[in-house]
Amino acid sequence: MSLKRFNETSEGAMNLNGTVVFPDRIIEDGHVLFECSCICLSDVVVHGEISAQYDLRVIGKAQAESFKISGQFDCAQNVNCTSIEVGKDCIINGSLSAKHVDIRGSLICDELGCDELMVHDQAVVRSTADVTGDVYVDKTLVCVDGITADGTVTAEHVVAGEYADISGEALVLSDLSVPV
């Protein structure tokens, strides 16, 4: 697969007060590497892997086979992939759909559907979380509507607004809060 690099010298790149901005939709086959902190003002659709050496912000939707973001990842719409690894915080104002999710900071998203979830800080899901495998959150897991998990759920605290349907073991260190 080919590698397409995006940086301050790439065609279409704009520099706004030291931030590299790509105003047009990005659609690529192969691997995409963002070599600097970037803001993409439209959709990013890649038939391969998206890598970012620093922070990446996408104002549209983001879709790829996999994401490997060294810094923070923000997306204003839905994120669809097979796997996502983020080195810092991950904020998605839409749904996150993936098989494997590994976030080194906090995760905030509207809705979550995945096979495995690992968050090394706290996770907040504004609606529902549906996890077919194991869940590991270092601190607090908040699912405003509720959570369905088929595997083991490990967290310091779990807060579910309406329901917590956990088929596996719940290894909650402090409390599991669900209204009755």
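How do the residues of the lining of the largest pocket divide into nonpolar, polar and charged? They comprise five nonpolar, two polar and six charged residues, where Ala, Val, Leu, Ile, Met, Phe, Trp, Tyr, Cys and Pro count as nonpolar, Asp, Glu, Lys and Arg as charged, and the others, Gly among them, as polar. The structure is a predicted model, in which local features need pLDDT of at least 70 and side-chain atom pairs count only at pLDDT 80 or more, while totals for chains, interfaces and linings use all residues. Residues are numbered from 1 along each chain as its sequence is written, and side-chain values use heavy atoms, with hydrogens and water left out.

**Largest pocket**

- The largest pocket holds about 190 Å³ of space; a volume here is the space filled by probe spheres set on grid points, which are joined across faces, edges and corners.
- A pocket is an open set of points on a 1 Å grid over the protein atoms alone, with protein on both sides within 12 Å along at least five of seven lines, whereas in a cavity a 1.4 Å probe fits but cannot get out.
- The lining consists of 13 residues, and F6, E11, G12, F22 and I26 lie nearest the centre of the pocket; a lining residue has an atom within 4 Å of a point.
- Strands β1 (3-6) and β4 (26-29) each supply at least two residues of this lining; strands (E, at least two residues) and helices (H or I, at least four) are DSSP runs numbered from the N terminus.

**Nonpolar core**

- The largest nonpolar core has 52 residues, and those with the most contacts inside it are F34, L56, F67, F73, V79 and I84.
- Such a core is a set of buried Ala, Val, Leu, Ile, Met, Phe, Trp, Tyr and Cys residues joined through side-chain atoms within 4.5 Å; buried means under 20% relative accessible area, exposed over 50%, and partly exposed in between, with a 1.4 Å probe and protein chains only.
- Residues up to four places away in sequence aside, F67 touches I50, A62, F73, V79, N80, C81, S83, I84 and E85, contact being heavy atoms within 4.5 Å.

**Cysteines**

- A search of the whole structure finds zero disulfides, a disulfide being a pair of cysteine sulfur atoms within 2.5 Å.
- Why does C36 form no bond with C38? The sulfur of C38 is the closest cysteine sulfur to that of C36, but at 3.6 Å it is too far for a bond.
- C81 is likewise in no disulfide, the nearest cysteine sulfur being that of C90 at 9.0 Å.
- C36 counts as buried because its relative accessibility is 11%, and C81 counts as buried at 12%.

**Strand residues**

- L107 lies in strand β17 and counts as buried because its relative accessibility is 0%.
- Beyond four places in sequence, L107 touches C90, L96, L117, V119, Q122, A123 and V124; L107 and V79 are 28 residues apart in sequence and 13 Å apart in space, C-alpha to C-alpha.
- I91, in strand β15 (residues 90-97), is partly exposed at 27% relative accessibility.
- Leaving aside neighbours within four places in sequence, I91 is in contact with Q72, F73, D74, C75 and I108; the C-alpha atoms of I91 and Q72 are 8.2 Å apart, with their positions 19 residues apart in sequence numbering.
- V142 belongs to strand β21 (residues 135-143) and is partly exposed, with a relative accessible area of 23%.
- With neighbours within four places in sequence left aside, V142 contacts A123, V124, V125 and V159; from V142 to A123 the C-alpha separation is 6.2 Å.

**Loop residues**

- N17 is in the loop between β2 (14-16) and β3 (19-22), and its phi is near 55°, a positive value in a residue other than glycine.
- N17 counts as exposed because its relative accessibility is 84%.
- S106 occupies the loop between β16 (100-103) and β17 (107-114) and is buried, with a relative accessible area of 12%.
- Outside its neighbours within four places in sequence, S106 is in contact with K88, D89, C90, V119, D121 and Q122.
- Q53 is found in the loop between β8 (49-52) and β9 (56-58) and counts as partly exposed at 40% relative accessibility.
- Apart from neighbours within four places in sequence, Q53 contacts L33, F34, E35 and S70; Q53 and D89 are 14 Å apart in space, C-alpha to C-alpha, and 36 residues apart in sequence.
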